[in-house]
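Let's take a walk through this protein, starting with the overall layout and ending with a few side chains worth clicking on. Keep the viewer open as you read.

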Amino acid sequence: DEIWMEDFDAIIFDVSGTSNNVWDGAFWQPKIYTEVGCTYTVTFTLRTDEAAGRDVIVFLEDTDNNYFKFIEETVTLSTEYQTFTYIFEPLETNNDTKIGIFFANQVGTVIIDSILVTRDPS
């Protein structure tokens, strides 16, 4: 809530510098509980204000299992909100799953409307 920009009704990241490491610069939430036997749907709703668009890498990883990636995909953002949806099943019950966005070593604004995780059965 502290980084929510009320004027934009979103979280805004202005990435102004890059390095040679694609993983530098990220937004993530650690310590997500996932349970074997459940199916999870993850949706990222994102956009940019860069007219030419920009890439980000969306990810979901098991930090207790050598950072095993359930999701790791480069997506290209446009100036319109897009929703990217992924479904996964955990390999084991875990309280240290991490979800987030790497800024993909590109400058430009990333606007996050929402990142939602739903579980079935709930």
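**Strands, a core and some charged pairs**

Arginine 119 has a relative accessibility of 31%, so it counts as partly exposed. Its salt-bridge partner is glutamate 35, and the closest N and O atoms of the two are 2.9 Å apart. Find both ends of that pair and you'll see that it ties together distant parts of the chain: glutamate 35 sits in the loop between β3 (26-34) and β4, arginine 119 is in strand β9, and 84 residues separate them. Glutamate 35 is partly exposed too, with a relative accessible area of 27%.

Now zoom out. What you're looking at is a predicted model, so a word on confidence comes before anything else. The mean pLDDT of the protein is 86, and 80% of its residues reach 70 or more. Among the elements, β7 has the highest mean pLDDT, at 97, while strand β1 (residues 4-5) has the lowest, at 58. Where pLDDT is low, the predicted coordinates should not be read in detail.

As for the fold, how many helices and strands are there? The protein has zero helices and nine strands, which gives the pattern β-β-β-β-β-β-β-β-β along the sequence. Contacts reach a long way along the chain: of those between residues at least 6 apart in sequence, 78% join residues at least 24 apart. Of the 122 residues, 40% count as buried. The accessible surface comes to about 7,100 Å², and carbon and sulfur atoms account for 46% of that.

Next, head inside. The largest nonpolar core has 21 residues, and Phe44, Leu46, Val58 and Ile101 are the ones with the most contacts inside it. Two or more residues of this core come from each of β4 (39-47), β5 (54-62), β6 (68-77), β7 (82-88), β8 (94-102) and β9 (108-120). Isoleucine 101 is a good one to click on. Leaving out residues up to four places away in sequence, its contacts include Phe44, Leu46 and Val58, along with Gly25, Ala26, Phe27, Ile112 and Ile115.

Back to charges: a search of the whole structure finds four salt bridges. You've met one of them, between glutamate 35 and arginine 119. Another brings together the side chains of glutamate 61 and lysine 69, at 2.8 Å from N to O. Is glutamate 61 buried or exposed? Its relative accessibility is 4%, so it counts as buried, the cut-off being under 20%. Lysine 69, at 29%, counts as partly exposed.

Glutamate 61 has a further partner in lysine 98, with the closest N and O atoms 3.9 Å apart. This is another pair that links distant parts of the chain: lysine 98 lies in strand β8 and glutamate 61 in strand β5, 37 residues apart. Both lysine 98 and glutamate 61 are buried. Since salt bridges share partners here, Glu61, Lys69 and Lys98 end up joined in one network.

One last stop is threonine 109, which you'll find in strand β9. With 7% relative accessibility, threonine 109 counts as buried. Its side chain makes a polar contact of 3.1 Å with the side chain of aspartate 49.

Note on methods:
Residues are numbered from 1 along each chain as its sequence is written. Side-chain values use heavy atoms; hydrogens and water are left out. Helices (H or I, at least four residues) and strands (E, at least two) are DSSP runs, numbered from the N terminus. Buried means under 20% relative accessible area, exposed over 50%, partly exposed in between (1.4 Å probe, protein chains only). Contact means heavy atoms within 4.5 Å. Accessible areas come from the Shrake-Rupley method with a 1.4 Å probe; for residues, only the protein chains shown count as cover. A nonpolar core is a set of buried Ala, Val, Leu, Ile, Met, Phe, Trp, Tyr and Cys residues joined through side-chain atoms within 4.5 Å. pLDDT is the predictor's confidence in each residue, from 0 to 100. A polar contact is a pair of N or O atoms within 3.5 Å; within protein, one must be able to donate a hydrogen and the other to accept it, and residues adjacent in sequence count only if both atoms are side-chain atoms.
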